[in-house]
Structure formats: C-alpha cells, structure tokens
Amino acid sequence: MKLGVCYYPEHWPEETWKPDAKRMKDIGIHWVRVAEFAWSRLEPQDGKLNFDWLDRSVDTLGEAGLSVVMCTPTATPPKWLIDKYDDVLQVDVQGRPRKFGSRRHYCYNSASYREETRRITSVMAERYGKHEAVAAWQTDNEYGCHDTVRCYCPNCEREFRVWLEQKYGAIAALNEAWWNVFWSMEYNDFSQIDLPNLTTTEANPSHSLDFYRFASDSVISYNQLQCKLIREKSSYPVSHNVMLYFGDFDHFKFAKDLDIITWDNYPLGMLEQSPLPAEVKAHFLRTGHPDLISLIHDLYYGLKDQPFWVMEQQPGQVNWAPSNPIPAKGAVRLWSHQAFGHGADVVSYFRWRAANGAQELMHAGLNKHDGTPDRATTEARQVANELRMLGKKQTEVALLFDYENLWATELQKHAQGWSYWGLMFSYYHALRSLGLDVAIVHPRSDLSPYKLAVAPALHLVDEALAKHLESYVNQGGQLVIGPRSGFKTLSNVVQELAPGPLQNLMGLTVSHVDALRPGISDTILKGDETLSYSTWADLLRPTTAEVLASYTNPAYEGAAAVCQQAHGKGRCLTIGMWTEPEVLKVFLKPVLQSLTIAIQDLPEGVRLASREGRSYIYNFNPHEVKLELQDIKTTLNAFDLKFKDQ
Ligand code: GAL
C-alpha cells in the first residue's frame, strides 16, 4: 500500500522541484503523477518538441527516491493543433462545436486527432518507456469528463454508420431490431442514418441505445490505441483514471485493456452534487456519505476483480461543486483508509500545491498557494505511518451492475424519479448498513464465489443471461431481482411478456408497471406489516412463485409485490417495487440469515470493511459513537477509525 500525489512541475519555478521532491518523500509519498495536461509545454509549436524540462523534473523526482506515473497529455490538445485541422473539435448534443479554452475538446473519432495521438504517445513511450524513475503510465485523463463521451460531429456520424453496418449487416435487420416501422422511421441504406440528436421529439430509444454503445466503443478504441503504443516500448503497467458516478462508457469493457483501474475520489463534491435528502447532506457535510463513496470503490474493484488505485484523492476544498465546504479535520485520513479498506493499493492526493491561477484556483492541494503545507499534509503523513500490506477483499455478497441497463432505463425513465444509480445506492446502502462487504460485478460474470447476488434492475435480458443466472441459482446461489427486470431485449424493445426469458427463474409474469410522481408513495402488505414504496411498481402475477407481499392499491387488482421461487439448490426473490433501504432490509435480512451470512445492524455513519490482513471500523459522523455490537465493543471519536490487524 502506497501514497501518491499529482504534481505539475510545469506550473512552478524549477528551483522548487528539488525541495518539493524532498518534502514528498519526507511525508511518505511514493508515487508522483505528472504531465497529463502538459502538451503545450512539451510541444509549444507543431513538431518543435521540448522534453528537456520534463526529463529534468522526472530525474529530480527519481533522485529523491520517488516513482513516477507518466501520463500522455492528450486530454488537452494545444491551440496550434486545433487550428491545424478542421475535424478535431467535438460537437455537443445541440450541434454546437466545442471551443478551445478548457480541456477535453477533441473527438475520439477524428482521424487527424488519432494521428496526433499516435505521434505524441509514441514520443513519450520511447522517451520514458524504460526510464528508471518511471514505473507506471496513465493514458489521457478522465475520458468523458465535462460530458464528452457522446460527440455529434461528422466524424462520429460517419463512423456510427460503419459501426451499425458491422453490427446488423443488412438495413432490414436494423429496421426490424429498432422497430422502425413506427412513425415511418425505416431506412433504405445505412448511409441515411443520422446521429440521434436534434430530432423533433425524443429519438427512437433503440437508435439512442446503439449510439450510446457506439460512443462507448469509440472511447475504448481510442484508449486501445494509446495502450498499444505504450506497450510497444514499455513494460510498466498502464492505467487510466475514471470518474465518480459516471456511466457514459462501459467501464467493464474498458477495463480489459488496462493493467490498473484508478479513479478520482472527491467525497464532498460528490455529496453536494448528489440527490440525497438535505438533512443527510447536512449531517455528512464535511466527510461525504460513506456509502456514496465506497459504492464507487467497490464498483471499480469489481471491474477487474483486483485492487484499484485512487489516483486523485480530495485533500481539502474542491472548486466544482455547487458549494464547496472545507473537509472535517481527520476526513482526509478517514477517506484514505476507507479506500484501502475497500481494496485500493494506492491513494494519491490531488494536487501537491494549489494552483495560483486559471479554472481551479479555488481548489485545495496538500500545500497552499504559497507552497506551505496545508493541513491535509499532516493527515497524509499519519496515513503513511499507518499503512501495511493487505490482500484481497473478502465478500459473500455481490451487487450486479451493468452500464447498458443504466443507459436503457435512463433513456426511458418513465417515472421522473427513476435513477439507476439511485436504485443501486438503495440496495448498496441497505447491505452496507448490515455490516456487509459488497462486491459489485457484471451480471454475466462468474457469480459462483458469492452466496447472494442482488440485481436491482436487470432490464435488458437475453436467453444467455437467463441461463447463466438459472445455473447460478440451481447450484445453490440466492438471487434477488429488483424492478424493471426482464422488461426488454438487448435491442431495447419490450419482451412480449415480461420478464421474458427470466419467467421461469422468477416464477411469474409482470402484467403492468406503475410509474409514480416524486412525492407520491403507496403501500404493500407483508403479513400484517404495512410497508411503503414510491417511484416504481412492477405488478407481479405469480405462475409458480410464492407470494411474500402484495400491493394494497385496488387499481393493481391484487398484484403481488414480492415473490420467491425455489430452483434446484437455490432461490430467486423478486422485489417488484422501488423502495427505501429500510424496507429492502425487511426482505433481505431473512435471506441473509438463511444463507448464514453474519449481519450486524450498524448505526448511521458507521461502516465496516475488511481485506486480508486488516479490518476497519469507520465513523463518518460528526459525533462520538459507542458501538455495542456482537463482536465489536468500542468507542470511536467523530471522524475517526479503528483497525483490527490479523
Ligand atoms: C478531476 C480532474 C483533475 C482536476 C480535479 C479537480 O476531475 O481529473 O484534473 O480537474 O478533478 O477536482
């Protein structure tokens, strides 16, 4: 386990580099990430390369005993490059070209930009591929940041048509898959197909879903280009830093090309942007919500089923949320250990020294604008002294996450309050508040390591997926399936009778779905217990399943809300409605007990995590907590944590 920092030598006078490096080492930092936005200094004019300064800076870091993560600088193509071509700038969904003057303004499908990428990446790979101070790579920076996965330019239109032709072969197949007979949307040729923006009303959701897939594949193939060029010259591992609550490209597919997944963890910005209730946000104002943060840790661990890095860890105030509070004293230490507890191998702080100008001048660093230590430095130093080597995460419970289900349900929300992330969060929060470690994995992955697999919204389903899940359950797995499952085919059209190929597994059909306005709730009956739900209800009609709870609203004509079906050695539980974590727990607890998975009801803001080597207890509350659990009796100060080493 190691600490790191993001460093911009090009921002500071050269005489500061050596003392900076010495102080980094002294704090206990090991990794230093450089160069991801440095193109205009590496190549001030077309073809006029100037790498001397980066060489000197990397040497300085190396001489201090630090290891460098070298980045390709492609997130910020310089002005001369933009002016040289007319096909590099992205076009937004409104059809407006993005302008030069910030970052991420390039199109992934621009042939010119791919050529420039090839050139600069090869130069860097050649120069640093075997450099002894360098030990890892990062491609680009945060693909998709500022809403830049889906580009609507002529390059993308052309490439989308090629992508569709490869997928469907014949235009008739596409017309059928998309149900283009509706509103006379049929095409005679692939060359007629536009991108799905600027239509009078919404575009065909099947058209949009394929465009989302295409845009995701465009990011992936652009990244593959960089990975290949780097690997031709270097054996150092290749990483990329993905973002929090960002699903515009398929991270499971993307992760296959990388050696290490890293992500950028900004707990307070994340909380401020989240739709959590105002009182919850007030409570966690200076730490962020523990589950909001660790859901992303667990998701990114699951991308490769291996430890990840936090490449950018918030060290103080950020600049980009609607409001930007100062973190609690102790929060940086708490966040760092939370990341390690959930499977991080490295936590690297963003950034070394606060920027004195430009867009991020209100963003904190480990050091202040004048270069003197800010208080996160003290916390980072403490973390460095507390580190020890840890093994894998230990989990019996998996949550199934799929980017295509995110896209398909968000394209046709049907209920204003629908949110795929929101539903995931409800289930995750319920499981975490029972003291469980949770793996987040793809529905088609090997589920055999888990006693329980929970699929909050398994929307797009084909026979292969149904068989995969049936075999998991037959062999003794317990599956929990949430609302909107089995509703559509992979083409984003409905199954004639939901839940399509999942009917046998769930032992029921869905006769109707109800979509409620925010603020409206209704009830179900479980025995004589009345429980509430909101937003969404699947009206379940059991064929062979046992009914555990039913809706009370007469409009639903006696439909079941929660059903259970046995199969082979396992069982499938269907929870048809969108509901809060407290209600989910009513159904999840007996399931967990029957699987002999130990649960502990944790107080709000207190969480457990464990990895081979160490268990953690975290207190995200702004007050002291006395814990009186079955095996844990302890007192935690506000914003503090405890370890138990094995
Ligand atoms: C990240 C980005 C960094 C910096 C940071 C500020 O999204 O990768 O370059 O902008 O946010 O919090």
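This report covers the ligand site of a predicted model, then a long helix, several residues and some unusual backbone geometry.

**The ligand site**

Eleven side chains or backbones need naming here. The ligand is surrounded by Phe37, Arg103, Asn141, Glu142, Asp264, Tyr266, Glu312, Trp320, Phe350, Glu360 and His363. By class, this shell holds five charged, four nonpolar and two polar residues.

Polar contacts to ligand oxygen atoms are listed below.

| Residue | Ligand atom | Distance |
|---|---|---|
| Arg103 side chain (N or O) | oxygen | 2.9 Å |
| Glu312 side chain (polar atom) | oxygen | 2.8 Å |
| Trp320 side chain (N or O) | oxygen | 2.8 Å |

How much of the ligand does the protein cover? On its own, the ligand has 310 Å² of accessible area, and the protein covers 95% of that.

**Cis peptide bonds**

One member of the shell also takes part in a backbone feature. Phe350 is among the residues around the ligand, and the peptide bond from Phe350 to Arg351 is cis, with omega near 0°. Arg351 itself sits in the loop that runs between strand E8 (344-349) and H14.

A further cis bond joins Ala498 to Pro499, where omega is near 5°. Pro499 belongs to the loop between strand E12 (478-481) and helix H18 (503-506).

**Positive phi outside glycine**

Asp305 is not a glycine, yet its phi is positive, at about 50°. The residue lies in a loop, with helix H12 (290-304) before it and strand E7 (308-313) after it. Asp305 is partly exposed, since its relative accessible area is 44%.

Phe639 also has a positive phi without being glycine; the value is near 55°. Its loop links strand E23 (633-636) to strand E24 (641-645). Is Phe639 buried or exposed? Phe639 counts as buried because its relative accessible area, 19%, falls under the 20% cut-off.

**Helix H8**

Helix H8 spans residues 205-233, which makes 29 residues. From first C-alpha to last, H8 reaches 43 Å. That is close to the 42 Å expected at 1.5 Å a residue. Of its 29 residues, 22 are buried, so H8 is largely enclosed by the rest of the structure.

The start of H8 shows a side-chain to backbone contact. There, a side-chain oxygen of Asn204 comes within 2.9 Å of the backbone nitrogen of Ser206.

**Gln90: a buried loop residue**

Gln90 is placed in the loop between helix H4 (79-84) and helix H5 (111-128). Its relative accessibility is 0%, so Gln90 counts as buried.

Which backbone oxygen lies 2.7 Å from a polar atom of the Gln90 side chain? It is that of Thr148. The Gln90 side chain also reaches the backbone oxygen of Tyr106, at 3.3 Å.

Tyr106 and Thr148 both appear in the wider set of residues that Gln90 touches beyond four places in sequence. That set also includes Arg96, Pro97, Arg98, His105, Cys107, Tyr108, Arg150 and Cys151.

**Arg127 in helix H5**

Helix H5 follows the loop of Gln90, and Arg127 is found in this helix. Arg127 is partly exposed, because its relative accessible area of 36% lies between the 20% and 50% cut-offs.

Outside its neighbours within four places in sequence, Arg127 touches Phe51, Asp52 and Asp55. With Asp55 there is a polar contact between side chains, at 2.7 Å.

Arg127 and Ser234 are 107 residues apart along the chain. Their C-alpha atoms are separated by 9.8 Å.

**Ala376 in helix H14**

The loop that holds Arg351 leads on to H14. This helix covers residues 375-386 and contains Ala376. Ala376 is buried, since its relative accessible area is 2%.

Which residues does Ala376 contact beyond its neighbours within four places in sequence? They are Pro315, Val332 and Leu366.

His251 is 125 residues from Ala376 in sequence. From C-alpha to C-alpha, Ala376 and His251 are 31 Å apart in space.

Technical notes: Residues are numbered from 1 along each chain as its sequence is written. This is a predicted model: local features need pLDDT of at least 70, side-chain atom pairs count only at pLDDT 80 or more; totals for chains, interfaces and linings use all residues. Side-chain values use heavy atoms; hydrogens and water are left out. A residue is near a molecule or strand if one of its heavy atoms lies within 4 Å of it. A polar contact is a pair of N or O atoms within 3.5 Å; within protein, one must be able to donate a hydrogen and the other to accept it, and residues adjacent in sequence count only if both atoms are side-chain atoms. Accessible areas come from the Shrake-Rupley method with a 1.4 Å probe; for residues, only the protein chains shown count as cover. Ala, Val, Leu, Ile, Met, Phe, Trp, Tyr, Cys and Pro count as nonpolar, Asp, Glu, Lys and Arg as charged, and the others, Gly among them, as polar. Helices (H or I, at least four residues) and strands (E, at least two) are DSSP runs, numbered from the N terminus. Buried means under 20% relative accessible area, exposed over 50%, partly exposed in between (1.4 Å probe, protein chains only). Contact means heavy atoms within 4.5 Å. The expected span of a helix is 1.5 Å times one less than its number of residues.
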